[in-house]
Each structure stands twice: as structure tokens, then as C-alpha cells.
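Visitor: I would like a close look at one part of this protein, namely the enclosed space inside it. Please take the structure below and go through that part carefully.

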Amino acid sequence: MVAAGAVDVILRDGTTLRLRPPAAGDVESLTAFFEGLSDESRRLRFHGGVAVTPRLVEPMLGPDWESRGALVGELEGEIVACASYVRLRDPGAAESAFAVADEHQGRGIGTRLLEQLAARAEEVGIERFLAVVLPENARMIHVFEHVGFSISRHLDQGAIEVEFPLAPTEAYRAAVDERDHVAVTASLRPFFEPRSVAVVGASRRRETIGGRIFRNVVEGDFAGAAYPVNRDGTPVAGVRGYRSVAEIPDPVDLAVLALPAVAVLPAAEDALRSGVRALVVVSAGFAEVGSDGAERERQLLELVRSHGGRLIGPNCLGVSSASVALNATFAGRGIPPGNIGFSSQSGALGLALLEAADQRGLGLSSFVSIGNKADVSTNDLLEWWEDDEPTGLVLMYVESFGNPRRFARLAQRVARRKPVLALKSGTTATGARAASSHTAALAGSEAAVDALFRQAGVIRARTLDELVDVAGLLSSQPTPRGRRVAVLTNAGGLGILAADACEAAGLMLPPVETARLRELLPAEASVANPVDMLGSATPETYARVLPVLLEDPGVDAVIALFVPAAQATADAVAREIAAAAAGAEKPVLAVVLSAVGVPGKLRGAVAAFTSPEAAARALGRAAERADWLRRPLGSVPELDGVDREAAAGIVDGADEGWLDPARTRALLEAYGIPLVPERLANGPDDAVAAAHELGFPVVVKTAAAGAHKTETGGVALDLAGDEAVRAAAGRMGGPVLVQRMVGGGTELLAGLVQDPTFGPLVAFGPGGVLAELIGEASFRIAPLTDVDADELLSAGKAGLLVAGFRGAPPADRAPLADLLHRLARLGEDLPAVAELDLNPVLALPEGCVAVDARVRVRRPEARPRTKSW
């Protein structure tokens, strides 16, 4: 439960605020808070004059949350706000009240308090808040009206009674997301647009990290003021030095700390007490080195948050921002400006990509090495880059996700406006866990990451080279409208390699218009696609032919290939390709096989590559983005016939492990999942009776919880008489299940697995005994939109089966989609359902039915959240 602990929120001005339950030791400070309110604020809070005594605040201390709840807002150790509720006789309702210190009103504190108090109240079954507000309390009325809940209000004895339900709606979530966006963006501004920077640990010795960072700031022509801070106040690079940030006479927006780990906390406190609200800690020696370092990191974050600040790092490379010519990193060379925003969780890989980007002529709008990401994360950076005008492409190297659901929402929002490209590593450990169901065996962290990126519109690169290749294409060229590619070459063999690479990347080489090409090329040239101009092609030939292909309405992109020949030099051909591509509305990719590398004339004009395979892979990734942009947003449907309370009772009352058949059936029926009729029989005679009740032919299965029935001989199919049923039940021993045999239909698998990082994954693929052998289930992360479900039904081999494979009748898609939505809802509602298999699901021309089901329960580990965004 979130109710037990503290949580940090960000206010609209970018300041962080700690919200926590008031404890018994807060009686004096909470009393002082109410005493410090103006007479008018106390009157509005308590509806008249009131004596502020310890007795007034004691009911707010140590909230039990069931009958009463309370939160205080704390900034730099001082209580600046308080919110509370008291449950009413109607257990679904509670009366709430709020107060904010006069000097902090208007900053959004009341709204953030209401968000968090409502979340805690809903957890204990409170369905709605009531609040009695004096008509002149305009600020509080504004909070209620704009928080995002559906508000009703009426006058009662001269006061306004406000009432609103607490269940989060899409409108409420959108309002919270917008508040988070404004607040996070404001909190990051000092990192990207600082007016002044202090480097703590700056040294006269150039080879030290602090010395390198400060010189990079100065030599990069930073637009603001830079201050070196070191133990003796020694000047660095000709700039006056200071012994502490407190000594600096001017305000400091950003402090970069490059010190031994044991010296970081005192230096951070000095900076924070001096008014700095943005810290970059490049120092190592924190969570990455073990428990002692992790405790040091916890204390650092606690210190930063207590002063309302933000932290990048520790254990990072630093930050750069082209808008103010800031290079506060210890990179060995300058960072060229451009339109790519780049975040790296690894400093070493960040350096490698900076080198590769420089070699390819790619520039950055900003670069952030987030290191241990104790505070600022990839999610925060997405918030910044969403509205950052100089950033046209977002590039990320990611090793782990702190809040993947928030990442999905943010990335999907950003990707609608600008490409988001990611390289994800560190995925094999989770995928190696033991899996005991078909769904879990087919799933893994790779499946979860792929599903997350696919749903969010993130383009996933598999290697560092591919990351740079795709970045070069997307940062310089328009997004292709489709997958139709024309290949232009002066070497036939190279064109064939390009054609093969395009097919492997999911691209098509359509026929091109040949009439104009025949006029421009010699008779021996091939005007099929690839267009082979022969080795005699000159720069002027490229200048004439390339525009013709770009004008072809059946072409979405052009790959131009060149091998140096006697008639043309690489530079001359590069110049003509760049000129022809200028202003084109379609992407142009150039592959020049030259001993001196990519000609400089191509840089920035087209996307340049050193092999046709690299060009085709990059274009294939760009085409994935085009496909995703055409994809409707979709919506999560409302489901009827769901009894969440009954299902929760089944799961809560079960031990960890596989549910028995009766509980499995009851759980699935509570979510409206279609199941074949069955009876539980305690022996052979009971089985025969059940078969007569259901009607022959029947299926007899073992009732052992979680059994793989085929592997253990625990299933007998198509039994048409008493003796066959009696023999099968006797052979299996113990209780058995008897089901009516369902004939026909296509065997499919539908399932659910709880990923420890990403939450519920819904699986769909070919079913039956060969499900794992075929091994081609597709996955999506819940909640599922109607578009997600439709994609699952259309993807891969399962999509062929659903459509009707080799003359089989097509399956009824609507019931299958409904089944997937119900599985997704179950996974979201009941995280203790660790694995769920429906295999097979028989897809019929009308409807579908699950004929076998297995459910495993495992209590999820509590993952306390320390921040609200």
C-alpha cells in the first residue's frame, strides 16, 4: 500500500515537496504550522475562529487510513501544508479538508495533496470525498474544480458542499499527466538552460575529472557564468576560484560535483543551502559499489529532495545543452550541436555513441548521462524533450526501467511528435527464470520490452551501429510514407545485395515507371528495380535519374548506391546526390563504397551509409515508425460481466501455487471467460454419470492442480461410451474432470504472465500440444486497447490461423478479442495471478471456448514508490 510511506511530488515551479503521514513526534511542528496561518486562512480551514492547541492536531497524527487519513507537506524540514480526511458513517464516503501556508499558496500544493490523499483513500475502499468550503475560499474551490475529478456541489447553510468520486478516470489521468509535464519540465530547466554553473572539484590539473569538466564548460563558450570551486579556492583556466558554493556572490543555477564519494554529501548540502536546485553528481562510489554506497546514495537523494531540488547521477558522465553552449561533461572532445536529444544510462556507451555521432556528422541538442538515475530518469527527460523545439529526435540507451507504465504513456505521446529511438540491454537475467506454464515459457523480458516499445511507438535498435544508422536517417530525412523502395546503382551486384537486404528488412522493391528512365539511360542499362545504370554512369547520370525515381508515386524512398569507377569520383557523385535530394519529401539514403569513407558532401544532406545492408536495416526501422504513425490510438473497452470482488476473494484465499480446477473455473467465470462445460468426478462411476449428464462424446482429464496433462498422460479424448470413460478415469486415479467434447475449431493459446518489471503481459499464439515447439506467441502489455487486441489476432502464425489457414473457415474475431481484453483486465486487477494458461482455446466460426485452463498464484513483492511522477 502507498498509504504507509512518504512520497515526493513536483510543484508547477519545479520544486520537489515531500508528502508524508504526520507522526506522533509532529505535534509541535503541526501545531506551529496552524498557528502560523493567517487569521483568514485559519477561518477558511476551520470555518471560524479556533484555538490552535495540541488537542486540535492530535487526531491527524499516526493515521490508520481506514477511519482517518492525513498527509503533511514538508519543505526544508518545515511543514508547509496539511490535508486530512475522516470516514463517515457511509463507509464509501469521507470528509476532507486542506490547508497551505499563506506564503506557499498558489504553487499547486493543494492539488498535489488532494491527488495523493485521494489515492490513499481509494486503497482502503473510500469511493468519494466530501468537503465543506466557505464560498469566499476561492483557492480551494479552484483546486476541486481543476484537479480532474467529476465535481458536484451545492449550497448548504451558507457553505458549499463539494462531492466527487475518487476512482481515476481518463480525464483525471490526463489532468495529472499534464500537471506532471509542466512540473517536471520546470524542474529540469536549470540543467538545460542554466544561467550559471559551478563545478565543485574543479582542479588546475587538466587530467582530473573536475579539471576536464570545468575546461569543457569554458572552452565550449558557455553562454552563462562559470565558477570553479575547490578546497583552496584556486583559480582554474584563468577563472577566479571559490572554496564553496556559498562563497560565490551570484546565484548559481546548476552545480556539477566531481569529488570523492565521501565528500559529495557535504558539498551537496553547501550548494543546496546556497539556493542551487539542480545537481549533477559525476562521482562514483554509490549504489553501484554495494550496500554502503547504496546508503550514501539514499542520503544524497533525501538531501536533494528535502531542499526541493533535482539530481542527475550519481556515477555519470555529465550533461550538455546546445541551446546555451554548455558542455558539463568529461568527454574528451566537444559535442557538436544538432537536433538529437540523447540519454544514456551508461557513461562508457555514451562516450562511444558521442564518438560515433561525431564521425557521422550527427549533432546533439542535448546529452544526459543519467548514471545510477537516483532521481532524474529517462521518463523525466522525455517530458523535457517533448516540448524542446531544438530536439527533433530522441535517442536513448536504456538498461532498466523504473516505471515502465509511465514510460509507455510518455513515449507514446512524444513519438506522435518526434521519433523516439532506443537501444535496450540487460534483458537476459529475467528471461532465464524458470517457467512452468506455456505462456511463461514463451514470454521473457525480451518479449516484454518488445511489446512495450511496439505499443509506445519506440523504434528499437539491436546494436550500437544500428542505433547510429537509424539516428542518422531519422535526424536528416523525412519519414517514409510506406515500405516501397527504389534502388539506384552503378553496379549490378551491389544492387542485388541491396534488394536482398531490403526484403530482409520488410521492405518492397516495386516496379518503377520505366519510360523516362529509358530516355535517360543507355539501352544496356536495366530499368527494372534495382535500376542499374552500369559502371559507365557519371555524376550527371545520377543527377538526371535520381529525381525521376523521387517523383515516382509508387516509390516511398530511394537508396542510391555508388562504387567508384573511372568515369566518376565519390565526391562528384556525392555532390549530385545531395543536390538531387535537397528539398525532397521522400528519404534518400546513399551508400558510397569509398576507401576514404563517407564523402563530406553527403553529411547532413542525405542519410549516408557504408553498406547496403546498414541502409536497408535503417530504412526498415523508419518504415516501422511510419506504420505506427498510421496506427489508430485505440481505446480500452468497457467490459460487462466482471465480478472483481469475487475473483479477488478466490485469489486472496488461495495458497501460492497452482489453483485447483474448481477455483480456476470460478476465477475465470468471474471475468466472463468462455469455458467448456465440465463436471468434477471422484472416481470411475462418478465419471460415467457425469458423461451421461453432459452427453457423449466426452473428454476425461486429471484434476491435479497445474498438471501438464498431455505430458503426464492425464487426458483422454473423444470417449464415446461408459467403458472408455471408466477405463480412462481408473487409469488416471483420483478426481478427474469430465468435459463435453468440442469438435472442430482452430487450436490457439491465450494467456497471461506477470512480468516483475512491466506488469501483466497478454499472450496470443498457436495452441495445442505444439505451442512451445512452434514458439511464436505475440505479447502486449495490459491494458489492451482495441487496436492492441486486433494486432494480436493478426500477427504471425496465429494471425494466419485466425484468418482461416489452407481452406479452414475464419475464426470469429470479436469473441477472441473480447477474451483477450478480459485476460488483460484480470491481470491488472489481480497482480497475484502470476501465470494463466488457456490452451487450447478453440476458435470457432461463431464464438470461442477455452477447453483447458491453468492458473498459478504468487504474491507480488511490494515495490514502494518514493515519488509520484
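Which residues line the second largest cavity?

Guide: The second largest cavity is lined by Asp177, Asp180, Glu383, Arg406, Arg409, Leu410 and Arg413, where a cavity is a set of points on a 1 Å grid over the protein atoms alone at which a 1.4 Å probe fits but cannot get out, and lining residues have an atom within 4 Å of a point. Before going further, note that this is a predicted model, in which local features need pLDDT of at least 70 and side-chain atom pairs count only at pLDDT 80 or more, while totals for chains, interfaces and linings use all residues. Residues are numbered from 1 along each chain as its sequence is written, and side-chain values use heavy atoms, with hydrogens and water left out.

The volume of the second largest cavity is about 50 Å³, a volume being the space filled by probe spheres set on the points, with grid points joined across faces, edges and corners. Two or more lining residues come from each of α6 (170–192) and α12 (404–415), and α12 gives the most, with 4 residues; helices here are DSSP runs of H or I with at least four residues, and strands are runs of E with at least two, numbered from the N terminus. By character the lining divides into 1 nonpolar residue, no polar ones and 6 charged ones, with Ala, Val, Leu, Ile, Met, Phe, Trp, Tyr, Cys and Pro counted as nonpolar, Asp, Glu, Lys and Arg as charged, and the others, Gly among them, as polar.

For context, a search of the whole structure finds 3 cavities of 30 Å³ or more, and the largest of them holds about 200 Å³ of space. Of the 23 residues lining that largest cavity, Pro661, Thr664, Glu678, Leu737 and Ala853 are the closest to its centre, and the elements that give two or more residues to its lining are α23 (661–670), β30 (736–740) and β36 (853–857). Helix α23 gives the most there, with 4 residues, and the lining of the largest cavity divides into 13 nonpolar, 4 polar and 6 charged residues.

As for confidence, the protein averages a pLDDT of 92, and 96% of the residues score at least 70, pLDDT being the predictor's confidence in each residue, from 0 to 100. Over residues 429–438, however, the pLDDT is below 50, although this stretch has 25 contacts in the model beyond near neighbours in sequence, a contact meaning heavy atoms within 4.5 Å.

Terms used
On a 1 Å grid over the protein atoms alone, a cavity is a set of points where a 1.4 Å probe fits but cannot get out, and a pocket is an open set with protein on both sides within 12 Å along at least five of seven lines; lining residues have an atom within 4 Å of a point.
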